[in-house]
Amino acid sequence: MKKHVLLYGLGLVLCSFPLWGQVEQTAHTATEPKARNSALDKEAAAEAKPGVGKFTDLGPQVGAAAIQGSVFAKDDQGREMAYTVVRGEPAHLLGYDVQTNKLVVDLPLEKTDGVWDLAVSTDGWLYVPSASGYLFKHRPGTQQIENLGYTLPGETYLWDLAAGKDGEIFGATYPGCRVFRYHPKDGFSDVGKGPMVGGEKYVRSLVYHEKTGKIYAGVGSHAHLVELDPRTGKKTEFLPPEFKDHEFVYNMSLLAGMKGGDRLLALLTSGSENKSLVINLNTKKVEQVLGALDVRSALLSPDKKLVYYTSKGKLYTLNLAKPAEQVKEVMSTAGAITMNWSSEQGLSMITSGREIVRYNPATGKSTVAKLTVPELPIAIQSILSGPDGRIWTAGYVAGGHGVFDPATGKTITLKGLDQTEGMAVQGHLIFFGIYPHGRLYVYDTQKPWDMTKQNPKLIQQVQGQSRPFAVASAATKGTMFFGMVPEYGLLGGSLLEYDPGTDKLRDYKAVVKNQSIVALCHQENMIFGGTSVWGGIGAHPTEKEGKLFVWDATSGKKVLEMVPVPGAKAVTCLKVAPDGKLWGVAGGTLFTYSIEENKVLTRHQLYLISEERANNFVWRDAFLVMHPNGMVYGTANDELFVIDPETMEVKKLEENASLLTLGRDNRLYFRRGTHLWSYEP
């Protein structure tokens with residue numbers, strides 16, 4: 001038996017299954033950024049096993065050179081280095097000699113696709129918190145990295161780090177809303193002795209106050225700010241009530257040494273409406289409310305008078321002691337991920353534009369050095385068979401799209417859009433549902449892809465909504481429907497209808513109470529929708545079972561709502577079969593439904609769901625395809641399977657397979673991590 005990891009939201013579930021069918025990987029150039037030669041050569045493809053078909057590895061489709069966690073550090077010889085992490089599977093820790101800007105350290109981070117923060121301890125070690133729950137340790141300038149393992153049981157995602165005293169390091173976790181401490185002599189400990197706030201999942205931001213030894217933890221998906229004494233575990237909340245309607249205390253910076261007391265600069269997020277608070281740590285009072293700043297990289301000047309920060313492509317200064325003074329623009333630059341002062345160089349920044357920027361306040365002069373950051377393959381987030389027969393894929397977190405042409409075996413990459421959760425076609429148009437902040441786009445495939453000419457064009461950003469997984473064409477009416485998952489901490493996903501002819505978007509709001517819409521399909525003038533009891537991460541479900549609903553596209557009204565599979569918490573797939581019956585998957589159960597009789601006809605268990613797994617939120621799992629050969633193919637539970645519609649017999653074909661679309665060449669296309677695969681029955 002082989003084990004693989006199945007990602008449900010941000011919860012990791014270990015699944016075991018037998019291997020079905022033969023697979024032989026073929027050669028593929030993974031790092032070529034524009035055109036990638038893929039494996040459609042029949043001689044290189046895997047040999048077909050009788051009754052199983054042919055599997056072909058088409059290689060990575062979407063690449064990115066997206067950097068996140070960054071920090072300046074010195075090696076044991078005093079050489080200044082700039083460290084960052086580039087996303088990928090796996091992500092890589094990159095170290096640059098600041099004097100030469102040359103890449104001198106490139107280390108893969110096992111089982112990790114990204115890192116949000118880096119921190120240097122007081123004894124000179126670089127710590128790396130991973131998106132898989134591991135903590136890594138690296139001595140700057142060396143070629144070694146150590147995986148210290150999981151920080152705390154059940155904590156699968158790490159966010160901010162903060163260096164304490166005497167070599168200790170503190171970290172923020174998900175989904176237990178914990179703060180851990182690590183010291184080489186003591187190992188890991190839960191210094192908060194449980195969640196920072198009961199019922200919350202994220203400690204999203206973290207700072208250490210050297211003067212008092214206290215930790216300040218920013219919490220979400222419902223905003224809280226907590227002072228923690230790591231020695232005693234005592235927790236004190238001090239975010240004023242008028243700010244608790246926000247989602248996250250997302251980022252923080254400590255401004256130490258200011259007159260009148262050290263200040264905490266905290267960024268609060270709420271969908272697209274963000275604000276920054278200036279809090280006096282002596283009084284715990286909010287002194288100022290500012291517009292949204294790049295708080296994570298804010299830095300106090302050496303004379304303690306000015307705050308330097310970046311926002312919307314500019315570096316600014318702000319005098320907190322004189323709020324009447326206007327913010328002053330210093331220079332144009334990409335957003336700073338980290339800032340640092342040095343006596344010789346002035347202000348140094350590592351930016352999201354993959355640059356080291358230096359600014360000398362005394363002279364007003366600046367230098368910009370571009371860093372060589374390798375483009376790495378990133379995970380495929382969604383798949384679509386396009387109107388021209390090409391296979392579209394979208395990248396996880398870093399965004400971007402790969403477009404694979406089965407005729408040539410090559411992939412081109414298209415940049416510009418963020419993480420695509422769902423895609424659908426109507427005529428020659430492709431519609432994209434984009435995370436974050438529920439953005440909808442349309443692309444005219446008959447014109448060049450050009451973000452500067454609004455192709456793709458932004459349709460709208462939907463307030464209070466986050467992830468548009470479900471997208472369906474109501475071809476008979478000529479409109480598009482989008483099913484939404486709401487923002488963090490909220491319940492109730494909207495049903496949206498967009499008319500390309502009039503460019504009008506209508507929001508029907510939450511048509512199923514307190515549930516997200518995660519599956520949509522269309523027949524004639526009826527829209528069939530499937531829901532999940534889970535809303536945005538951090539929201540606690542109030543409903544018990546996922547629903548099937550029917551929406552009349554002509555009247556704009558819901559005509560039916562029912563539970564297709566008792567006890568199932570999400571209906572993740574819906575498909576209309578050639579005979580007019582509706583097929584769907586809810587939980588681990590396949591069901592068929594008679595549209596004419598308004599009743600469920602059959603239920604068949606595809607896989608078992610453990611009690612523990614049943615409590616992990618699910619927005620997306622199953623996909624079904626009605627193949628011209630008369631069989632029904634699907635992916636669910638990280639497996640590819642085939643169903644005989646006459647006998648309803650289910651046969652597993654392949655493990656480690658998810659997402660699914662049918663190409664014009666009658667091949668099935670699915671995802672395996674960063675790789676696109678095809679299956680020819």
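Hi everyone, let's start with the rings: this structure holds 32 aromatic pairs. Before I go on, please keep in mind that we are looking at a predicted model.

One ring pair I'd like you to find is Tyr308 with Trp341. Their ring centres are 5.4 Å apart and the planes meet at 80°, and since anything over 60 degrees counts as edge-to-face, that is what we call this pair. Where do the two residues sit? Tyr308 belongs to strand E27, residues 307-311, while Trp341 belongs to strand E30, residues 336-342, so to speak two distant parts of the chain, 33 residues apart. Tyr308 is buried, at 5% relative accessibility. Trp341, with a relative accessible area of 22%, is partly exposed.

Now for a second pair, Trp392 and Trp449. Here the ring centres lie 6.0 Å apart with the planes at 40°, so this one is tilted. Trp392 is in strand E36, residues 391-395, and Trp449 is in the loop between strand E41 (439-444) and strand E42 (457-461), so the pair ties together parts that are 57 residues apart in sequence. Are these two tryptophans buried or exposed? Trp392 is buried, with a relative accessible area of 1%, and Trp449 is buried too, with 16%.

There is also a cluster to look at. Ring pairs link Trp116, Tyr157, Trp159, Tyr174, Tyr202, Phe248, Tyr250 and Tyr488. Arg204 joins the picture here: its charged end sits over the ring of Trp116, 5.3 Å from the centre. The charged end of Arg204 also sits over the ring of Tyr250, 4.0 Å from that ring's centre.

Let's move to the strands. Tyr308 brought us to E27, so let's carry on from there. E27 runs antiparallel to strand E28, and five bridges join them. Within that pairing, Tyr309 has Tyr316 in E28 as its bridge partner. The two strands form a hairpin with two residues between them, and Lys312 in the turn has a positive phi of about 50°. Strand E28 itself, residues 314-318, is mostly covered, with four of its five residues buried. On to the next neighbour: E28 pairs with strand E29, residues 328-332, in the antiparallel sense over four bridges. In that pairing, Leu315 has Met331 in E29 as its bridge partner.

A little further along the chain we come to strand E32, residues 355-360. How many of its six residues are buried? Five of them are, so to speak a mostly covered strand. Strand E31, residues 346-351, pairs with E32 in the antiparallel sense over five bridges, and Leu347 has Tyr359 in E32 as its partner. The hairpin of E31 and E32 has three residues between the strands, and Arg354 there takes a positive phi near 65°. E32 also pairs with strand E33, residues 365-370, again antiparallel, over six bridges. Ile356 has Ala369 in E33 as its bridge partner. This hairpin has four residues between its strands, and Gly364 takes a positive phi near 75°.Next, an open sheet. Its four strands come in the order E14-E15-E16-E17, with antiparallel pairing. Which strands are at the edges? They are strand E14 (157-163) and strand E17 (187-190), each of which pairs on one side only. From one strand to the next, the twist averages 30°. Inside the sheet, four bridges join strand E15, residues 169-174, to strand E16, residues 179-183, and Gly171 stands opposite Phe180 in E16.

One more residue to click on is Asn637, in the loop between strand E56 (632-636) and strand E57 (639-643). Asn637 is buried, with a relative accessible area of 7%.

Finally, a word on confidence. The protein chain averages a pLDDT of 91, and 92% of the residues score at least 70. Over residues 1-50, though, pLDDT stays under 50. Where pLDDT is low, the predicted coordinates should not be read in detail. Thanks for listening!

Key. Residues are numbered from 1 along each chain as its sequence is written. This is a predicted model: local features need pLDDT of at least 70, side-chain atom pairs count only at pLDDT 80 or more; totals for chains, interfaces and linings use all residues. Side-chain values use heavy atoms; hydrogens and water are left out. Two strands pair if DSSP finds at least two bridges between them. Axes are lines fitted to C-alpha atoms, for helices over the stretch in contact, and angles run from 0 to 180 degrees between N-to-C directions. Rings of Phe, Tyr and Trp (its six-membered ring) pair if their centres lie within 6.5 Å; planes under 30 degrees apart count as stacked, over 60 as edge-to-face and the rest as tilted. Buried means under 20% relative accessible area, exposed over 50%, partly exposed in between (1.4 Å probe, protein chains only). A charge sits over a ring if NZ of Lys or CZ of Arg is within 6 Å of the ring centre and within 35 degrees of the ring normal. pLDDT is the predictor's confidence in each residue, from 0 to 100. Contact means heavy atoms within 4.5 Å.
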